[in-house]
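I'm opening my notebook on a structure I haven't looked at before. I'll jot down what I look up as I go.

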Amino acid sequence: TVTSISADAFYYVSPETLSVPVKFLSDTALKNSWLELDAVKDVTITGEGDVPELLFASRTGYPNTLLKSVNITGDIESIGRRAFYDCEALEKVTLPESLVTIGDEAFGGYSKLSEIVLPEGLKTIEYSAFGMCDFSEITLPAGIESLDQMIFSGCKKLGKVYFGGTLEEWEAVEKHADWCTGAYFGSGLNVICSDGEKWERKA
């Protein structure tokens, strides 16, 4: 088991496939090891802790056009702000059951992400976490507790939102007044609950 990475260990190494413990993905660790993420197409993140903010977001002002697949395993509890922001080639994301929080714009920006399974233990989805994704439908787990504003902003294809709990449980979820603002729901939005009941918001 790797416990540390020495300075300059990956001097200008630019892998296309990467499997790495989350503890080696802090800004300090990346700078010390010189591991370059710009060419990564498929990443697996393991271990315990939190995925850092701005991890794969472009630092140049241009979209990340290479990252296609993200597999997060282990005991990761949160995904930081803009961790995968504007990764426009992103098609597949796998999340761990340990995940509690998805941060601001974590998967925001333009992407090809058309489906995602949210873990049952997820509690919080923060501002525009899935902005401009390519979903046509999505299921929110029964255990969700908090939805920030505009979590689906710019999702032009999103037509259906399912909820794993009952209508009574849905109404107890803490929701920002604009949690679904900015998505293209046409004439309105129905959240379809597990008991067959619907929560409605007209356009």
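Before the sheet, a rule to keep straight: I call two strands paired if DSSP finds at least two bridges between them. Also worth writing down at the top is that this is a predicted model.

**Entry 1, the open sheet.** I looked up the strand order and got β1-β2-β4-β6, an open sheet of 4 strands with parallel pairing. β1 and β6 (92-94) sit at the edges with a single partner strand each, so one side of each has no neighbour in the sheet. The twist from one strand to the next averages 10°. For β1 and β2 I found 5 bridges, running parallel. Leu18 has Val43 in β2 as its bridge partner.

**Entry 2, just past β1.** I checked Phe24, which is in the loop between β1 and α1 (27-33). Is Phe24 buried or exposed? Its relative accessible area is 10%, so with the cut-off for buried at under 20% I put Phe24 down as buried. Its C-alpha is 9.9 Å from that of Gly47, 23 residues along the chain.

**Entry 3, β11.** Next I followed β11 (residues 160-163) and saw the side chains alternate. Val161 and Phe163 point to one face and are buried, while Lys160 and Tyr162 point to the other and are not. β11 pairs with β9 (residues 137-140) in the parallel sense, over 4 bridges, and Leu140 stands opposite Phe163.

**Entry 4, the core.** Which residues touch the most other members of the largest nonpolar core? Out of 57 residues, I noted Phe84, Phe107, Phe130, Phe152 and Trp170. Elements giving two or more residues include β1, β9, β11 and α2 (167-172). The largest share, 3 residues, comes from β13. I then listed what Phe152 touches beyond its sequence neighbours, among them Ile138, Leu140, Val161 and Trp179.

**Entry 5, rings.** I counted 9 aromatic pairs. Phe130 and Phe152 are stacked, at 6.3 Å centre to centre with 20° between the planes. Phe130 is in the loop between β8 and β9 and Phe152 in the one between β10 and β11, so this pair ties together parts 22 residues apart in sequence. Both are buried. Trp179 and Trp199 make a tilted pair, 6.0 Å between centres and 50° between planes. Trp179 is in the loop between β12 and β13, and Trp199 in β14, 20 residues apart. I have Trp179 as buried at 2% and Trp199 as buried at 18%. Ring pairs also link Phe56, Phe84, Phe107, Phe130, Phe135 and Phe152 into a cluster.

**Entry 6, charges over rings.** Arg82 has its charged end over the ring of Tyr85, 3.9 Å from the centre. Lys175 lies over the face of Trp170, 4.6 Å from the ring centre.

How values were computed:
Residues numbered from 1 in each chain as written. Predicted model: local features only at pLDDT ≥ 70, side-chain atom pairs only at ≥ 80, totals over all residues. Heavy atoms only, no water. Buried < 20%, exposed > 50% of the residue type's maximum accessible area, 1.4 Å probe, protein only. Core = buried A, V, L, I, M, F, W, Y, C linked by side-chain atoms within 4.5 Å. Contact = heavy atoms within 4.5 Å. Axes fitted to C-alpha atoms, helices over the stretch in contact; angles between N-to-C directions. Phe/Tyr/Trp six-rings, centres within 6.5 Å; stacked < 30°, edge-to-face > 60°. Lys NZ or Arg CZ within 6 Å of the ring centre and 35° of its normal. Lists of a residue's contacts leave out its neighbours within four places in sequence.
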